[in-house]
Amino acid sequence: MSRQVVRSSKFRHVFGQPAKADQCYEDVRVSQTTWDSGFCAVNPKFVALICEASGGGAFLVLPLSKTGRVDKNAPMVCGHTAPVLDIAWCPHNDNVIASGSEDCTVMVWEIPDGGLTLPLREPVVTLEGHTKRVGIVAWHPTAQNVLLSAGCDNVILVWDVGTGAAVLTLGSDVHPDTIYSVDWSRDGALICTSCRDKRVRIIEPRKGTIVAEKDRPHEGTRPVRAVFVSDGKILTTGFSRMSERQVALWDTKHLEEPLSLQELDTSSGVLLPFFDPDTNIVYLCGKGDSSIRYFEITSEAPFLHYLSMFSSKESQRGMGYMPKRGLEVNKCEIARFYKLHERRCEPIAMTVPRKSDLFQEDLYPPTAGPDAALTAEEWLGGLDTGRRRTTPEASGAPSSDAISRLEEEMKKLQATVQELQKRLDTLEETVQAK
């Protein structure tokens with residue numbers, strides 16, 4: 001693996017800082033289920049952890065400030081009848097979380113401010129459509145109330161949570177085998193999937209068409225993960241024929257050869273990639289590992305630059321990633337992970353060392369806010385983030401209502417101008433008299 005230490009980058013010295021013991025969440029029984037999801041979801045208000053539960057599936061939701069030992073009788077979200085496999089917070093409402101389970105359902109829950117005081121058994125909506133367990137849930141990044149779920153029935157469903165209906169279906173004709181990962185593009189126009197048939201696909205979900213496809217991005221038989229990164233590229237993690245873990249960067253317009261392919265080590269855990277579009281840093285967290293590797297993606301060869309690695313003594317059972325809105329900017333924190341141990345959740349802050357306590361504008365460019373850019377209906381109707389909405393006034397001649405409004409505004413402006421002219425004449429007369 002090439003490690004160029006002479007390249008100039010403001011992220012060369014990023015380091016990980018684990019939280020002190022009193023800032024961790026102690027005595028939580030993390031799920032023992034063998035599933036390759038993070039088992040943890042975080043937002044600026046809450047941290048959610050999938051836990052062991054008797055007689056069904058449950059996950060724990062705690063306010064971020066409620067650190068220390070967690071009461072063994074703490075109320076949990078326990079509406080599923082089988083183990084929970086994946087959870088995801090809504091990016092547009094910090095009190096709403098979705099969960100997918102082995103009971104073949106997706107449930108959407110609303111958590112009250114301050115956290116739970118009683119067990120939560122009634123979801124806001126139950127989404128039923130899968131015939132096998134649901135292992136992946138992912139909210140649309142820009143459209144309100146749009147949720148994607150992927151099940152072991154090889155089907156991807158896109159839901160309008162507001163109506164509780166499945167509005168788009170990508171059936172087993174698109175994915176003939178188990179779906180390992182699904183990731184939305186940053187504007188929500190495309191999804192990137194990896195499948196057990198050793199193919200990575202880029203799909204336009206509203207049309208149901210495959211935009212691009214790559215067969216065997218990694219030669220090994222173990223699961224592949226794929227995520228969108230900047231400038232129309234995707235990053236994949238997988239295994240070589242000799243079971244060495246690999247990370248590769250691809251241009252979606254030219255998938256014949258990778259832009260960069262690096263071999264990492266011979267561990268067996270699947271690498272979970274987390275990409276930060278503001279800094280162009282990708283973090284790789286392996287289940288069962290005790291380290292977090294991070295790379296910087298640039299627009300020039302060799303494109304993928306190894307930065308460093310955060311190591312600790314204990315291995316991780318899962319990992320949560322805090323959105324940029326929840327970071328402490330006065331400490332130059334550019335990422336924060338929530339590492340799951342067997343009975344503990346430990347925050348790890350990724351920090352750029354700076355001497356000044358002032359806001360570092362170069363580390364924090366404008367980032368995604370909590371407001372949705374589109375409604376579910378607009379997105380399903382073909383509108384994309386950033387595209388101008390076609391209204392009658394914009395697409396052709398102005399309507400009669402618009403003309404009458406403009407005429408009224410013109411009259412008001414003319415009256416204001418006349419009033420100002422009178423005042424000016426009065427002032428001139430006063431000056432001349434003196």
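**Exercise 1. Identify which residue lies over the face of Phe-39, and find a second contact of this kind that involves Phe-239.**

Solution. In this predicted model, Lys-287 lies over the face of Phe-39, at a distance of 3.9 Å from the ring centre. Turning to Phe-239, the residue over its face is Arg-222, placed 5.0 Å from the ring centre.

**Exercise 2. Follow the ring pairs through Tyr-321, and state which parts of the chain they link.**

Solution. Begin with the total, which is twelve aromatic pairs in the structure. One of them joins Tyr-283 to Tyr-321 in a tilted arrangement, with 6.4 Å from centre to centre and 45° between the planes. Next, place the two residues in the chain: Tyr-283 belongs to strand β25 (residues 281–286) and Tyr-321 to strand β28 (residues 318–321), so that the pair links distant parts of the chain, 38 residues apart. Tyr-283 counts as buried, its relative accessibility being 0%.

Then take the other pair of Tyr-321, which is formed with Phe-337 and is again tilted, at 5.3 Å centre to centre and 45° between the planes. Because Tyr-321 lies in strand β28 whereas Phe-337 lies in strand β29 (residues 333–340), this pair ties together parts that are 16 residues apart in sequence. Phe-337 is likewise buried, at 0% relative accessibility. As a last step, collect the linked rings: Phe-274, Tyr-283, Tyr-294, Tyr-321 and Phe-337 are joined by ring pairs into a cluster.

**Exercise 3. Determine how many disulfides the model holds, and explain the result for Cys-51 and Cys-192.**

Solution. A disulfide is a covalent bond between the sulfur atoms of two cysteines. The step that follows needs the cut-off, which is 2.5 Å between the sulfur atoms. For Cys-51, the closest cysteine sulfur is that of Cys-40, and at 9.8 Å it is too far for a bond. For Cys-192, the closest cysteine sulfur belongs to Cys-195, and here the distance of 12 Å is also too far for a bond. The count by this rule is zero disulfides. As for their surroundings, Cys-51 is buried at 9% relative accessibility, and Cys-192 is buried with a relative accessible area of 0%.

**Exercise 4. Describe the open sheet that contains β3, from its strand order to one pair of opposite residues.**

Solution. Four strands make up this open sheet, in the order β3-β4-β5-β7 and with antiparallel pairing. Its edge strands, each of which pairs on one side only, are β3 (40–42) and β7 (77–80). On average, and with direction ignored, neighbouring strands of the sheet are turned by 20° against each other. Looking at one pairing in detail, β3 and strand β4 (residues 46–51) are joined over three bridges in the antiparallel sense, and Val-42 stands opposite Val-47 in β4.

Note on methods. Residues numbered from 1 in each chain as written. Predicted model: local features only at pLDDT ≥ 70, side-chain atom pairs only at ≥ 80, totals over all residues. Heavy atoms only, no water. Buried < 20%, exposed > 50% of the residue type's maximum accessible area, 1.4 Å probe, protein only. Phe/Tyr/Trp six-rings, centres within 6.5 Å; stacked < 30°, edge-to-face > 60°. Lys NZ or Arg CZ within 6 Å of the ring centre and 35° of its normal. Pairing = 2+ DSSP bridges. Axes fitted to C-alpha atoms, helices over the stretch in contact; angles between N-to-C directions.
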